[in-house]
Amino acid sequence: MGPTSPTGPTEEKPRRRQARGERRIAQLLEAAASVFCRSGYTAASTNAIAREAGVSPGTLYQFFPNKEAIAVGLSDQLLHDWRAMHGQALAPENIGLPLDAMLDAALDPMIAFNVENPAFAVLMHGTDTPGRIAEDISSLHDTVFTRVEEIVAGYLPDAPADELSRMANMVLALFKAGLTLILSHEGAERDAYIAELKAVMYRYLKPLVEDDCPAAR
């Protein structure tokens, strides 16, 4: 007997197939993240990703034609999550906070995201990632740079544009260097390096903003 409504049996099967396909894609992307972290992008192979996911290479190729497509799919997912986190970490309302509180509000979610998603650093900062991902990285960097400039400008409203640009570049360079150390340690040592990064940022920014910080007015 055929379906009597749009939610009848003939539509349930395609929905189940779609749900299974989505779960399989998520499984393959999770496996790819593990393999990329372990081997790097260049040394990784579709066979290794299939083994990690517990599926045959043929099953993998049903969803992704090659390794680059897998990397692009993973980077799209990570960038989507990063943009959501970045909106929280670099929110305009953080400008009104005291400098140490602002650093906590900005750095904590950014560090947590990288710790929870180590493949992000592999794909975003690697020298061997595909061109499509490199373009996304450039766009991401521009967006983050602009937000950091805006936050610094909130503490130094009278600073010239070239000075704000240098400070934003320095803040991002400090973050990238500190993050490398943070990700290479675990447990108490990782916590110690997080504290060190915040201390370095604070010591760099405090003399520059102490006379202009909104919280001090």
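**Salt bridges, internal space and helix packing**

Glu150 and Arg147 lie 3 residues apart in helix α7 (residues 131-155), a separation of about one helical turn. In this predicted model, the side chains of Glu150 and Arg147 are joined by a salt bridge, with an N to O distance of 2.1 Å. An α-helix has 3.6 residues a turn, so residues three or four places apart point the same way. The two partners differ in burial class: Arg147 is buried, at a relative accessible area of 13%, whereas Glu150 is partly exposed, at 40%.

In total, 7 salt bridges were counted. One of them pairs the side chains of Lys198 and Asp104, at 2.8 Å from N to O. This pair connects distant parts of the chain, with Lys198 in helix α9 (residues 187-209) and Asp104 in helix α5 (residues 99-116), 94 residues apart. Lys198 has a relative accessible area of 17% and is buried, because the limit for this class is 20%. Asp104, by contrast, is partly exposed, at 33% relative accessibility.

A further salt bridge is formed between the side chains of Arg38 and Glu52, with N and O separated by 2.9 Å. Here too, distant parts of the chain are linked: Arg38 belongs to helix α1 (residues 9-39) and Glu52 to helix α2 (residues 46-53), and the two are 14 residues apart. Arg38 is exposed, with a relative accessibility of 55%, while Glu52 is partly exposed, at 37%. Asp76, Arg132 and Asp136 are connected to one another through a network of salt bridges.

The loop between α1 and α2 contains Ala44. The relative accessibility of Ala44 is 6%, which places this residue in the buried class. When residues up to four places away in sequence are left out, the contacts of Ala44 are with Val35, Phe36, Ser39 and Lys67. Ala44 and Lys67 are separated by 23 residues in sequence, and their C-alpha atoms lie 8.2 Å apart in space.

Helix α7 comprises 25 residues and spans 37 Å from its first C-alpha to its last, close to the 36 Å expected at 1.5 Å a residue. The buried residues of α7 are Ile133, Asp136, Ile137, Leu140, Val144, Phe145, Arg147, Val148, Ile151, Val152 and Tyr155. Among them are Arg147 and Asp136; Arg147 is the salt-bridge partner of Glu150, and Asp136 takes part in the network with Asp76 and Arg132. The buried residues of α7 pack against α4 (67-89), α5, α6, α8 and α9.

Internal space was examined next. Across the whole structure, the search identified 1 cavity of 30 Å³ or more. The volume of the largest cavity is about 210 Å³. Its lining consists of 18 residues, and those nearest the centre are Leu90, Met102, Ala106, Val148 and Val171. Val148 is also listed among the buried residues of α7. At least two residues of the cavity lining are supplied by each of α5, α7, α8 (161-183) and α9. The largest share, 6 residues, is provided by α5. In terms of residue class, the lining of the largest cavity has 18 nonpolar residues, with no polar and no charged residues.

The largest pocket encloses about 340 Å³ of space. Around this pocket are 15 lining residues, of which His125, His141, Leu172, Phe175 and Lys176 lie nearest the centre. Two or more lining residues are contributed by each of α5, α6 (118-125), α7 and α8. In this case the largest share of the lining comes from α7, with 5 residues. The pocket lining is made up of 11 nonpolar, 3 polar and 1 charged residues.

Helix α7 therefore recurs in several of these features, given that an intrahelical salt bridge joins Glu150 and Arg147 about one helical turn apart. The helix supplies at least two residues to the lining of the largest cavity and the largest share of the lining of the largest pocket.

Technical notes:
Residues numbered from 1 in each chain as written. Predicted model: local features only at pLDDT ≥ 70, side-chain atom pairs only at ≥ 80, totals over all residues. Heavy atoms only, no water. Salt bridge = Lys/Arg side-chain N within 4 Å of Asp/Glu carboxyl O. Helix = DSSP H or I, 4+ residues; strand = E, 2+ residues; numbered from the N terminus. Buried < 20%, exposed > 50% of the residue type's maximum accessible area, 1.4 Å probe, protein only. 1 Å grid on protein atoms, 1.4 Å probe; cavity = no way out; pocket = protein on both sides within 12 Å on 5 of 7 lines; lining within 4 Å. Points joined across faces, edges and corners; volume = space filled by probe spheres on them. Nonpolar A, V, L, I, M, F, W, Y, C, P; charged D, E, K, R; others polar. Contact = heavy atoms within 4.5 Å. Expected span 1.5 Å × (residues − 1).
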